[in-house]
Amino acid sequence: MIFKHFTPKHIKLNQIESTNSYLHDLNVKIKQKNGTLVSAKNQTLGKGQKGNRWESEEGKNLTFSIVTYPNIKAKYAFYLNIIASLAVQKALSDLTITAKIKWPNDILVNQKKIGGILIENQINGNSINQSIIGIGLNINQSTFNSKLNATSIINEGITVDIEDVLIQIYGYLDFYYNLLIQSNFKLLRQHYYKHLFWHNQIGIFKDEKSEFKALVMGISDIGLLELRLLDNTTNYYDIKDVKFIY
Ligand code: BTN
């Protein structure tokens, strides 16, 4: 397969604390090319958003990280979340699974979480000179802690080879990465909106003060969530300032 930007290299590990951390440390020692991928059958300290752990049954799912050097302005960091979410959404759609993106980047199927993304950037001056895109996607795991409200490809009735899904996501990530480095932000946003959970609908949110209803207008060019409140005022929220209830 020919990629526009990625130089394919796949480091397969059996067990590691976290593929994101491994790739980060490896890159300090030996600088990897754009698109180097590390996957692990088992992560002993898989990292999730907001300091949470990412739990995944050994050998059943995809847990991997890709290093890229986008050199985009730091204010566009959210577009890395967008391209990663879209790559996963598209790979699932090829399997006839309709996935929705819950802002900022949870991947949901039938309102259950099937995948998550953790992006760790290195910023130099005001540009992102290295980004490690970590993706966890549930594939063959059939039981989950009920508190997690999670699902997997197998639980959605589809049988698939784990490696095939990885190759698809990798190819789509290269495709969307191309739009990103061409600064095609508008097109990326349009794609993102198509799959964004509750876009143009009213959802229930929670900020540090209270729960409130608001219409999901979209994402600002710097990745803030744009909400129209019921009194018609428009507010912009950073990931850490608001939580999507439903
Ligand atoms: C989330 O909380 O939704 C984000 C989960 C991200 C998990 C992936 S699994 C591969 C990579 N390595 C990690 O330690 N985390 C990410």
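Author: Let's fix the residue classes before anything else: Ala, Val, Leu, Ile, Met, Phe, Trp, Tyr, Cys and Pro count as nonpolar, Asp, Glu, Lys and Arg as charged, and the others, Gly among them, as polar. Keep in mind that this is a predicted model.

Reader: Fine. How do the residues of the lining of the largest pocket divide by class?

Author: You get 18 nonpolar, 20 polar and nine charged residues. That lining has 47 residues, and Gln-49, Asn-52, Trp-54, Asp-106 and Lys-113 lie nearest the pocket's centre. Trp is on the nonpolar list and Asp and Lys are on the charged one, while Gln and Asn fall among the others, so those five include all three classes. The space in this pocket comes to about 1200 Å³.

Reader: Which strand gives the most to the lining of the largest pocket?

Author: Strand 7, with five residues. Among the other elements giving two or more are helix 1 (19-29), strand 3 (62-68) and strand 8 (127-137).

Reader: What do domain 1 and domain 2 bring to the lining of the largest pocket?

Author: At least three residues each, from domain 1 (9-194) and domain 2 (202-244).

Reader: And the second largest pocket, what is its volume?

Author: About 230 Å³. Of its 14 lining residues, the closest to the centre are Ser-39, Ala-40, Lys-41, Ile-162 and Glu-163. Strand 1 has the largest share of that lining, with four residues. By class, the lining has five nonpolar, six polar and three charged residues.

Reader: On to the ligand. What makes the pair between Lys-47 and an oxygen atom of the ligand a polar contact?

Author: A backbone N or O atom of Lys-47 is 2.7 Å from that oxygen. The cut-off for a pair of N or O atoms is 3.5 Å, so the pair qualifies. Gln-49 also uses a backbone N or O atom, at 2.6 Å from a ligand oxygen. For Lys-113, an N or O atom in the side chain is 2.6 Å from an oxygen of the ligand. Both of those values are within 3.5 Å, so they count as well.

Reader: How much of the ligand does the protein bury?

Author: Taken alone, the ligand exposes 420 Å², and the protein buries 98% of that. There are 20 residues around the ligand, and Ser-18, Gln-43, Lys-47, Gln-49 and Lys-113 come nearest.

Reader: Is the peptide bond from Trp-103 to Pro-104 cis or trans, and how do you know?

Author: Omega is near 5 degrees, and the bond is cis. Most peptide bonds are trans. Pro-104 sits in the loop between strand 5 (100-102) and strand 6.

Reader: What about the phi of Asn-149?

Author: Asn-149 has a positive phi of about 50 degrees without being a glycine. Most residues other than glycine have a negative phi, so a positive value goes against the usual sign. You'll find Asn-149 in the loop between strand 8 and helix 3.

Terms used: Residues are numbered from 1 along each chain as its sequence is written. This is a predicted model: local features need pLDDT of at least 70, side-chain atom pairs count only at pLDDT 80 or more; totals for chains, interfaces and linings use all residues. Side-chain values use heavy atoms; hydrogens and water are left out. On a 1 Å grid over the protein atoms alone, a cavity is a set of points where a 1.4 Å probe fits but cannot get out, and a pocket is an open set with protein on both sides within 12 Å along at least five of seven lines; lining residues have an atom within 4 Å of a point. Grid points are joined across faces, edges and corners, and a volume is the space filled by probe spheres set on the points. Domain bounds come from an automatic or database domain assignment. A residue is near a molecule or strand if one of its heavy atoms lies within 4 Å of it. A polar contact is a pair of N or O atoms within 3.5 Å; within protein, one must be able to donate a hydrogen and the other to accept it, and residues adjacent in sequence count only if both atoms are side-chain atoms. Accessible areas come from the Shrake-Rupley method with a 1.4 Å probe; for residues, only the protein chains shown count as cover.
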